[in-house]
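Open the model in your viewer and keep the selection panel at hand. Each stop below says what to select and what is there.

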Amino acid sequence: MHIVVCIKQVPDSAQIRVHPVTNTIMRQGVPAIVNPYDLFALEEALRLKDQYGGRVTVLTMGPPMAEAALRKAISYGADDAVLVTDRVFAGSDTLATSYALASAISQINKDLPVDLVFTGKQTIDGDTAQVGPGVAKRLDMQLLTYVSKVRELDVEKKEIIVERRSEGGVQVLKTSIPSLITVLEGNNEMRFATMTNMFRASRYPVKIWNKETAGIEDVTKTGLKGSPTVVSKVFAPTPRAVKAEIIQCESDDPKELSVTLLAKMFTKYPKLEKEIAKRAA
Amino acid sequence: MSETTEAKKPAGKKKFELDDRLKAYKGIWVFIEHERGSIHPVSLELLGEGRKLADHLGVELAGVVLGAPGDAVRSFCHEAFFHGADLCYLIEDPLLADYRNEPYTKGLTDLVNKYQPEILLLGATTLGRDLAGSVATTLKTGLTADCTELNVDLDARSLLATRPTFGGSLLCTIQTLNYRPQMATVRPRVMAMPDREVSRTGRILEDKLGMVESSIITKVLEFIPDEMQDKPQLPFADIIVSGGRGMKKPENFQLIWDLAKVLGAEVGATRPVVQSGWVDLERQVGQSGKTVRPKLYIAAGISGAIQHRVGMDASDVIIAVNNDPNAPIFDFAHYGIVGNAMTILPALTDAFRVHLATVRKAG
């Protein structure tokens, strides 16, 4: 059983701030973390490894500093780590990213055949959920998104049964491996890194692949050139023409402020008053 | 999942000329999503938005319906007409009874290759995201996820797809220039529901799927429907009371629940609050949670970062309570109280209780 887990290093978006005056992103000092959704995928892969044996390889594409994310994954118990990094990948959109990752997975597959590819359901910086499906299509693998549970895995028969979150319910699906699974959050919790694995992570020689070693056959399918989408404008949201009417009273008494607010609001929106009264009755 | 959008150069001001082979792509398509016998409302919302784009470009608006043969799929075509579509492409096949990636990807991809639409819109649901990512990769075209605004650039006949970026602190407009179709997904409740006009009709164009069950590897063994009763239904709630990090402690969140109870409202929260485990994930409002459009939205201890704003600023009336007079939430709320949410909320709850009792007595 060989599982490749695709992860991404992302800025901790909870700590990104916009400069109040210039409206630009303040990126200094924002820590880089492993995309939290990917940790659920990694944990699920490690559990399958515990149960069925085999190896877990973590893969990421990004700048050289993304190596830290891979070391983190090794400390949790992943066996191998590959960083795909090359200037030609800069500016890749999701289509170009899926091409580079699919090429790298094909290379990994040459050393040790890949049975499953896992990813998180989406990243917290792009939020697109597109790269997983893209990689599956490029590798002609069965695609199972939003999987909440792996019910059964038969390595001999190359069959897997999973529960997939869909609109209004859970689909139970059976498919053959190799397949690509995007793992839903919240159904497992990342284990603690053991001392042994932390030592291993610090010494582990992460495989660093450039476009040649990653098996990229067509450079025009990567980076800006290989990206159909272009960002034509980045801008701060426009405030409403009229700002909020700040409720003020002679005193700062919460009760007085509240009563004044309701009086003003319901005078302007009488329909709202009726509706709330009706439903709360 | 790389979107190193900051590394990209702007498209520039020089006049853009579309490749000749792509000029044949005409018309706006909306994928009509349905599961368990009814259309997902997001598809109808997209028809409303698609209608505007189609009128702008002077082209037709089409719905795409895939499903098992029967009256249901035909009625979905008519619903699409009622909500603005001029025509519907329909593939009926027993293999399409349940959603599976492989047959749905083939069906939609084949239709696109045959009829060549310039824009293809899908709902950003679990189904829509699964399908959109697969179809876009198969067609090798651009796809923009979770758009909050759609427009067209008439010169380039290009879709202007706007979405939040950088963890939601800014907005960016994304274009797919020399690739067709231009694909985008939009989350439920982001666009307004268009009027349903039952007098509207349209044409149905039927096609074949051309697959056999034995060629489809993934099988559906079972479908376990969700138990509906205790799941919060934020996207369709009329009144929502939400709390943010400014509530300071999980215990203080009780004040949010108290106010919600008096109003018969749902409780919402920001991402940090959900990540801290104070409330259920289902209650997260914002770019990575639910998009809501209630009649009244009360935001307590919420600063109003874009990440949250895009999920709720279509609310009819917004009340913000925050102790920071410069918090961005006051830029787009309708009413604001500057003060400590922990003292304002109980007073507000009381004021609503008294006021509503009076109204009820009078009415």
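The tour goes from the whole model to its domains, then to the chain contact and to single strands.

**Stop 1: the whole model**

Colour everything by pLDDT. This is a predicted model. It scores ipTM 0.88 and pTM 0.86. Now show chain B alone. Its mean pLDDT is 91, and 94% of its residues reach 70 or more. Next, select residues 1-12 of chain B. Here the pLDDT is below 50. Even so, the model gives this stretch 35 contacts beyond near neighbours in sequence.

**Stop 2: the domains**

Start with chain A. Select 2-221 for domain 1 and 239-281 for domain 2, as the domain assignment has them. Taken over C-alpha atoms, the centres of these two domains of chain A are separated by 48 Å.

Move to chain B. Its assignment gives domain 1 as 17-215 and domain 2 as 234-362. In chain B the C-alpha centres of the two domains lie 34 Å apart. How many residues of domain 1 of chain B are in contact with domain 2 of chain B? Eleven, and they meet nine residues of domain 2. On the domain 1 side, the touching residues divide into four nonpolar, four polar and three charged.

**Stop 3: where the chains meet**

Show both chains again. The contact takes 83 residues from chain A and 92 residues from chain B. Colour the chain A side by class: 41 residues are nonpolar, 24 polar and 18 charged.

Now select residues 229-235 of chain A, which form strand β14. Add residues 170-176 of chain B, strand β10. These two strands pair across the chains in the antiparallel sense, over six bridges. Pick out two of the facing pairs. A:Val230 stands opposite B:Gln175. A:Phe235 stands opposite B:Leu171.

**Stop 4: strand β10 of chain B**

Stay on β10(B). Is this strand enclosed or open? It is largely enclosed by the rest of the structure, because six of its seven residues are buried. Within chain B, select residues 158-165 to see strand β9. Five bridges pair β9(B) with β10(B), again in the antiparallel sense. Label B:Thr165 in this pairing; B:Leu170 of β10(B) stands opposite.

**Stop 5: a helix position**

Select residues 71-82 of chain B, helix α2, and find B:Ser75 in it. B:Ser75 counts as partly exposed because it has 15 C-beta neighbours inside 10 Å, where buried would take 20 or more. Now draw a distance to B:Val220. The two residues are 145 apart in sequence and 25 Å apart in space, C-alpha to C-alpha.

**Stop 6: parallel strands of chain B**

Select residues 317-322 of chain B, strand β17. Five of its six residues are buried, so read "buried" here as 20 or more other C-beta atoms within 10 Å. Add residues 296-300, strand β16 of chain B. β16(B) and β17(B) run parallel and are joined by five bridges. Label B:Leu296; its bridge partner in β17(B) is B:Val317. Trace the chain from β16(B) to β17(B): it crosses through helix α7, residues 306-312 of chain B. This β-α-β crossover is right-handed.

Finish with residues 335-338 of chain B, strand β18. β17(B) pairs with β18(B) in the parallel sense too, over four bridges. Here the bridge partner of B:Val321 is B:Ile337.

Key:
Residues numbered from 1 in each chain as written. Chains lettered and ligands numbered in written order. Predicted model: local features only at pLDDT ≥ 70, side-chain atom pairs only at ≥ 80, totals over all residues. Buried ≥ 20, exposed ≤ 12 C-beta atoms within 10 Å, placed from the backbone. Pairing = 2+ DSSP bridges. Right-handed = clockwise from strand over helix to strand, strands pointing away. Domains from an automatic or database assignment. pLDDT = per-residue confidence, 0-100. Contact = placed C-beta atoms within 7 Å. Nonpolar A, V, L, I, M, F, W, Y, C, P; charged D, E, K, R; others polar.
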